[in-house]
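Biologist: I'd like to get to know this structure with you, one question at a time. Put it up on the screen and let's start.

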Amino acid sequence: MCTPALRALHKRWPGAQITIAGKAACCALLRGLPYVHRIEEVPARAPLPALHEAAHALAPHGRDLTVVFPHSARAAFLAWLVGSTRRVGYARGGRSMLLTDRVKPHRVNGRIEPVYMTQEYLDLVKALGCEDDGEGLELWADAREVESLRARLQGKGPIVGIAPGAAFGVSKMWPADRYAAVADTLTEKVGAQCVLLTGPGEERTRDAVRAAAKYPLIRLDGGVPTIDSLKATIAALDVLICNDSGSRHVAVAFKVPTICIMGPTSPKYSCGPYERGEVLRVDVDCGPCQKPVCATDHRCMTRIGTDWVVETALKYLPSRK
């Protein structure tokens, strides 16, 4: 979701070398973009020695400017350790002393209010004179791999991605048996080829969907999911059906219509103008709660029925049967 801001930085200073520093998954996600010249992985929640080591590696490449996209004090501290002449970030979390350019967060009546994350990142680099080109999210996938995946499914029904996981927590996850029911119905109605997309740590969710489904779901990653295989697979889809998760934003970047089943999280963070498809959600008295585990009956998700999801998906599917 920060790629429009990265692209804006590149257009503002086309001769600059842009280095990405972040955890391994973020680095893998952004690898291949033409305006990213170098990538340095930093361990998640890195202890102080690891931060010093990362700063030493980054110092030659970040001496002029560091844009601190995360809100964490740790990220701002890393920028300070790198010794960048300018360190730009949002003034929040008691970290202003670590920044040279402090951008005020969006507030309503004095309180910080959520903003679509892509817009938040663009507003951050706007303070540097960068402009939004309006092109939206962008990722890279190997075109040969994407075509190879499509060729494997050539001449059959539309290709539908089913992504039932969510790293945030189980509160974001629509029930596995409902995903299975949607896949079965789309298979019967339009001959859909339903591709199951799950990542490391989501094996129980994967197995639950497969066990509940009448028809086998396709795995295109050989059982070894990676960020690269995720990008290539999503790029090959006709439609993705998912929770409000990372897979959703990957699909937005590849202009793939997305049926997003949203429960406990605020749409203000993640719903933007670049989306193709629809967000399905119901208003409930306890939401959006932003909690990773539901404290009640998960009504924000269970009130979304399979018929609604199927009918919405059918509007975006090409007929190939």
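Modeller: Here's a term to start with: two strands pair if DSSP finds at least two bridges between them. Keep in mind too that this is a predicted model.

Biologist: Let's use that term, then. In which sense do strand 8 and strand 9 pair?

Modeller: Look for strand 9 at residues 193-196. DSSP needs at least two bridges to call two strands paired, and strand 8 and strand 9 have four bridges. Their sense is parallel.

Biologist: What is the bridge partner of I159 in strand 9?

Modeller: I159 is one of the residues of strand 8, and strand 8 pairs with strand 9. Follow the bridge from I159 over to strand 9 and you land on Q193.

Biologist: And which residue in strand 10 is the bridge partner of V160?

Modeller: Strand 8 also pairs with strand 10, again in the parallel sense and over four bridges. Go across from V160 to strand 10 and the partner you find is V239.

Biologist: Which helix joins strand 8 and strand 9 in a β-α-β unit?

Modeller: Strand 8 runs over residues 159-163 and strand 9 over residues 193-196. The β-α-β unit they belong to is right-handed. Its helix covers residues 176-190, and that's helix 7.

Biologist: Which residues of strand 8 point the other way from I159, G161 and A163?

Modeller: In a regular strand, side chains alternate between the two faces of the sheet. I159, G161 and A163 point one way from strand 8, and the residues pointing the other way are V160 and I162.

Biologist: How many of the five residues of strand 8 are buried?

Modeller: Buried means under 20% relative accessible area. On one side of strand 8, I159, G161 and A163 are buried, and so are V160 and I162 on the other. Strand 8 is largely enclosed by the rest of the structure, because the number of its residues that are buried is five of the five.

Biologist: Now for charges. How many residues apart in sequence are the parts that D244 and K172 tie together?

Modeller: Side chains of opposite charge can pair when their charged atoms come close. In the salt bridge between D244 and K172, the closest N and O atoms are 3.8 Å apart. D244 sits in the loop between strand 10 and helix 10, while K172 is in the loop between strand 8 and helix 7, so the pair ties together parts whose separation in sequence is 72 residues.

Biologist: Is D244 buried or exposed?

Modeller: The cut-off for buried is under 20% relative accessible area. D244 has just 5% relative accessibility. Its partner K172, at 13%, counts as buried, and D244 counts likewise as buried.

Biologist: How far apart are the closest N and O atoms of K315 and E278?

Modeller: K315 is in helix 13 and E278 in strand 12, 37 residues apart. K315 is exposed, with a relative accessible area of 56%, whereas E278 is partly exposed at 22%. They form a salt bridge, and the closest N and O atoms are separated by 2.7 Å.

Biologist: Last one: how many nonpolar residues does the lining of the second largest pocket have?

Modeller: The second largest pocket has a volume of about 180 Å³. Its lining comes to 18 residues, and those nearest the centre include C286, C289 and C294. Sorted by class, five are polar and four charged, and the number of nonpolar ones is nine.

Definitions and conventions: Residues are numbered from 1 along each chain as its sequence is written. This is a predicted model: local features need pLDDT of at least 70, side-chain atom pairs count only at pLDDT 80 or more; totals for chains, interfaces and linings use all residues. Side-chain values use heavy atoms; hydrogens and water are left out. A salt bridge is a side-chain nitrogen of Lys or Arg within 4 Å of a carboxyl oxygen of Asp or Glu. Helices (H or I, at least four residues) and strands (E, at least two) are DSSP runs, numbered from the N terminus. Buried means under 20% relative accessible area, exposed over 50%, partly exposed in between (1.4 Å probe, protein chains only). On a 1 Å grid over the protein atoms alone, a cavity is a set of points where a 1.4 Å probe fits but cannot get out, and a pocket is an open set with protein on both sides within 12 Å along at least five of seven lines; lining residues have an atom within 4 Å of a point. Grid points are joined across faces, edges and corners, and a volume is the space filled by probe spheres set on the points. Ala, Val, Leu, Ile, Met, Phe, Trp, Tyr, Cys and Pro count as nonpolar, Asp, Glu, Lys and Arg as charged, and the others, Gly among them, as polar. A crossover is right-handed if, with the strands pointing away from the viewer, the path from the first strand over the helix to the second runs clockwise.
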